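Today's notebook page is about charged side-chain pairs and one helix. I jotted things down in the order I looked them up.

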Amino acid sequence: MTRRRSRREPSSTNPGRARGPRLLIAALAMALIAAACGGDDSATSAGADSPGDRDDGGLTITPDDPDAAPDVGAEDTSDDPPAPRIEFTYFDGTAGTLDDFAGQPLVVNFFASWCAPCVAEMPDFQAVFEEVGAEVPFIGFNVLDDPADADALVERTGVRYALARDDTQGIFQAFRGFAMPTTVLVDADGTIATRWAGPLTADQLRELIAEEFGV
């Protein structure tokens, strides 16, 4: 399909992309909050660079400050590399990679039980998955969470799409996550089409999928 880099925002959001000054302001706010929290390194994935050493725009998110990440909307992905080749473990304990979804467009969502906006959007994601999942699979990555809390959350919200664990937030960082929740739409060819920082409603998610995937 032909990629579209410039498009209107989903109609239920404020107009304008989260770029330029807005991203700068959001990033500065995150930096100030991180400094105020004392620079806790416990959430950084093993072997990963610290946020200050990385130039990919990703940030470290911690359960200690779940409301720190602002709702910044859609981000420019025109300079992004292809979706990272990663290995992970599904909730049922089996090993997986993104190759499990090769040749299909994919919705990737990062969530956690300690993130209130994540919890709020999960039933909406399930509703949209039930509508388009045959053509557009979903996978949710559970970030820095207690497995029991994550399992209870999934049971409570009724989510039934593929779920995997991101215990060190290494996958979140590999996808250049900026806020919790983060949602990434990946084209069938492995190109990152859209990265959305912050919660999405069902209507917003439907519109993004329709714009990027034509579904």
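**Entry 1: Arg206 and its partner.** I began with the accessibility of Arg206, keeping in mind that this is a predicted model. Arg206 comes out at 29% relative accessibility, so I filed it as partly exposed. Next I asked which side chain meets Arg206 in a salt bridge. The partner is Glu131, at 2.8 Å from N to O. Arg206 sits in helix 5 (residues 202–213) and Glu131 in helix 2 (residues 116–132), so this pair ties together parts 75 residues apart in sequence. Glu131 is partly exposed as well, because its relative accessibility is 47%. I also noted a network here: salt bridges with shared partners join Glu131, Asp203 and Arg206.

**Entry 2: the wider search.** How many salt bridges does a search of the whole structure find? I got 4. One of them pairs the side chains of Asp99 and Arg85, at 2.9 Å from N to O. Asp99 is in the loop between strand 3 (95–97) and strand 4 (106–111), while Arg85 is in the loop between strand 1 (73–75) and strand 2 (87–90); the two are 14 residues apart. Asp99 has 46% relative accessibility and therefore counts as partly exposed. Arg85, at 72%, counts as exposed.

**Entry 3: Arg165 and Asp151.** I then looked at the salt bridge between the side chains of Arg165 and Asp151, which is 3.0 Å from N to O. Arg165 belongs to strand 6 (residues 162–166) and Asp151 to helix 3 (residues 147–157), with their positions 14 residues apart in the chain. Is Arg165 buried or exposed? I have it as buried, because its relative accessible area is 17% and the cut-off for buried is under 20%. Asp151, at 36%, is partly exposed.

**Entry 4: helix 3 itself.** Asp151 had brought me to helix 3, so I stayed there and listed its buried residues: Ala150, Leu153, Val154 and Thr157. Viewed down the helix axis, the buried residues fall within an arc of 95°, so they line one face of helix 3. The face turned away from that buried side carries Glu155 and Arg156, both exposed. What covers the buried residues? I found that the cover includes strand 4, helix 2, strand 5 (138–143) and strand 6.

**Entry 5: the two ends.** At the start of helix 3, I found a side-chain oxygen of Asp146 reaching to within 2.9 Å of the backbone nitrogen of Ala148. Just after the helix, Gly158 has a positive phi of about 75°.

Terms used: Residues numbered from 1 in each chain as written. Predicted model: local features only at pLDDT ≥ 70, side-chain atom pairs only at ≥ 80, totals over all residues. Heavy atoms only, no water. Helix = DSSP H or I, 4+ residues; strand = E, 2+ residues; numbered from the N terminus. Buried < 20%, exposed > 50% of the residue type's maximum accessible area, 1.4 Å probe, protein only. Arc of directions from axis to C-beta. Contact = heavy atoms within 4.5 Å. Polar contact = N/O pair within 3.5 Å; in protein donor to acceptor, adjacent residues only side chain to side chain.
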